[in-house]
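User: Could you take a close look at the contacts between protein and DNA here, and then link that part to the rest? I'm in my first year, and I'd like each term explained as we go.

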There are 2 protein chains.
Amino acid sequence: MVSARASRALSRSRQDYLKVLHDLGGEGPVTVTSLARRLGVSAPSVTNMLARLAEEKLVRLHHRGAAQLTAAGTREAIEMVRRHRILETFLVQVLGLDWADVHADAEVLEHHVSDRVLEAIDRLCGHPSEDPHGHLIPDRDGRLERRALVPLASLRPGQRAVVREIRDREARRMARWKQAGLVPGAEVRMRDVRESDGVFEIEVGGSAFVSAGEAVDGVLVQPAREGNDS
Amino acid sequence: MVSARASRALSRSRQDYLKVLHDLGGEGPVTVTSLARRLGVSAPSVTNMLARLAEEKLVRLHHRGAAQLTAAGTREAIEMVRRHRILETFLVQVLGLDWADVHADAEVLEHHVSDRVLEAIDRLCGHPSEDPHGHLIPDRDGRLERRALVPLASLRPGQRAVVREIRDREARRMARWKQAGLVPGAEVRMRDVRESDGVFEIEVGGSAFVSAGEAVDGVLVQPAREGNDS
DNA sequence: CGAAGAAATTAGCTGTAACTAATACCCGTG
DNA sequence: CACGGGTATTAGTTACAGCTAATTTCTTCG
Ligand SMILES: [Mn+2]
Ligand SMILES: [Mn+2]
Ligand SMILES: [Mn+2]
Ligand SMILES: [Mn+2]
């Protein structure tokens, strides 16, 4: 029952488009503009590539550019997510690179590492279930648990939570988060929210710090069960 | 004294052309046809690419296609050799892949691994000086020792030698060599050469085997000092 | 010397994936 | 209902790196 990993290798661009579609898509379709922004290409480039992906039955095209992954497209996208996260784990755990810094390397390598090498890396890392930023790693069949997480900034005053995932695309911000102790597994408590200016005070690992709302968007937490405000 | 690792990233194709030029070049210039054969592309493609490389001052063009690396081209080529060999070492030593099988993966990864990742891999492998096939690894400044090796098939009857390098491009043949004990470090003795049909008998690690000349071209040995035919 | 054959080059195309500029389409507001 | 702003598409280019077919240029040999 070896799953049918078809032999056709998608181009690097296609793989990146699919991955971003999966990430932005959640469920609903995705707009040309959002893809363009996230991929760093022009809108016409996106229109164009989407047409090709549609022809290859990897995305379904709705009206006015709205695009949605097909089952086949989703499979490819998740495969890329798996590769990306395994590689990040490897870069941190085995090569000892910095947490905040491995995303860019993984973004390239995910397209060029053979299945054989990927499996060897996965084995060497002990078949990790999470990457260094707390993101879950899909299994070989593309199964991916879903977690109900909320943005750190959405906690109400007094609420406790555990940091679960850190968005990994901006090395700069990650360095700051790490230094503040906002890493997967950290326990936090929202101390105060100033509605007026969107600034709040967060307690993490004993000490506290203050931050503007957008400065922590990208940190996802799992709220503690209500009522254990010991 | 950080050496001037210029920022220019050469395309994958260029890097491969330079590497092959270095390998075939030795000293003298290289013909269009030999490049085409080795790279698996057509002759016009080579003419064309050589013109670009010449424009970029990476090769010097002599008459009728003869091409030769410039100092800058040589630097780039050796850098690729270093990357290739470090990666092969890593694939075998750390990931446990098969000796005979890592060339293709290294051929791809050499173009896509960042300097940072390469250095981390090199460190993890303990700054190896030879790859798994016995090829010397250039140091970070492009220095590469030179060894005086001869083809296994050129030994005279009775002569002893130590296997030093195994050509790594044909997995098929490598598997056979490995199985026969022809690996770097193995001690061999030429037992008999039949001039008539180019077949000879070789002793390696006690047992002996017989082979046609071309079947072992790609195995390079270091002849023992004359006269210790104990 | 002259022609054959080998080697290299030129000419013209292809596919991929970008880009900019121009245009078309939609939707909400006046 | 018409118009303006935002969104998407079309049209036309570009760079890269390959290809085949045709041609040119060398070398060698009769
Ligand atoms: Mn990528
Ligand atoms: Mn990650
Ligand atoms: Mn290569
Ligand atoms: Mn090698």
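Analyst: Let's start with a term we'll need: a polar contact is a pair of N or O atoms within 3.5 Å; inside the protein, one atom must be able to donate a hydrogen and the other to accept it, and residues adjacent in sequence count only if both atoms are side-chain atoms. Keep in mind that this is a predicted model, where local features need pLDDT of at least 70 and side-chain atom pairs count only at pLDDT 80 or more, while totals for chains, interfaces and linings use all residues. As for bookkeeping, residues are numbered from 1 along each chain as its sequence is written, chains are lettered from A and ligands numbered from 1 in the order in which they are written, and side-chain values use heavy atoms, leaving out hydrogens and water.

Take DNA strand C to begin with. It has 21 residues around it, and A:Ser11, A:Ser13, A:Arg14, A:Ser45 and B:Thr33 are the closest. Of the strand C atoms that come within 4 Å of the protein, 75% are sugar and phosphate. That 4 Å is also the cut-off for "near": a residue is near a strand if one of its heavy atoms lies within 4 Å of it.

Now zoom in on individual side chains. A:Ser13 has a side-chain N or O atom 2.4 Å from a phosphate oxygen of strand C, and A:Ser45 has one 2.4 Å from a phosphate oxygen of that strand too. For A:Arg14, a polar side-chain atom sits 2.7 Å from a phosphate oxygen of strand C.

Which elements build this surface? At least two residues each come from α1 (12-25) and α3 (43-55) of chain A, and from α2 (32-39) and α3 (43-55) of chain B. In this naming, helices (H or I, at least four residues) and strands (E, at least two) are DSSP runs, numbered from the N terminus. The largest share near strand C is the four residues of α3(A). Sorted by class, the surface near strand C has seven nonpolar, 10 polar and four charged residues. Here Ala, Val, Leu, Ile, Met, Phe, Trp, Tyr, Cys and Pro count as nonpolar, Asp, Glu, Lys and Arg as charged, and the others, Gly among them, as polar.

Next comes DNA strand D. Around it are 21 residues, with A:Thr33, A:Arg64, B:Ser11, B:Ser42 and B:Ser45 coming nearest. Of the strand D atoms within 4 Å of the protein, 75% belong to sugar or phosphate, and the rest to bases. One base contact is worth a look: a polar side-chain atom of A:Arg64 lies 2.6 Å from a base oxygen of strand D. The phosphates get attention as well, with a polar side-chain atom of A:Thr47 2.9 Å from a phosphate oxygen of strand D, and a side-chain N or O atom of B:Arg14 2.8 Å from one. Two or more residues of the surface near strand D come from each of α2 (32-39) and α3 of chain A and α1 (12-25) and α3 of chain B. The largest share there is the four residues of α3(B). By class, this surface holds seven nonpolar, 10 polar and four charged residues.

Now let's step away from the DNA, to the metals in chain B. Donors are N, O and S atoms within 2.8 Å of the metal (3.2 Å for Na, K and Ca), and since water is not among the atoms, sites may look incomplete. The manganese ion (ligand 3) has protein donors from B:Asp16, B:Glu107, B:Glu110 and B:His111, at 2.1 to 2.4 Å. B:Glu110 is buried at 0% relative accessibility; buried means under 20% relative accessible area, exposed over 50%, and partly exposed in between (1.4 Å probe, protein chains only).

For the manganese ion (ligand 4), the protein donors are B:Glu88, B:Asp131, B:His133 and B:Asp168, at 2.2 to 2.4 Å. B:Glu88 is in helix α4 (residues 71-93) of chain B and B:Asp131 is in the loop between α6 (115-124) and β3 (150-151) of that chain, so the pair ties together parts 43 residues apart in sequence. Both B:Glu88 and B:Asp131 are buried.
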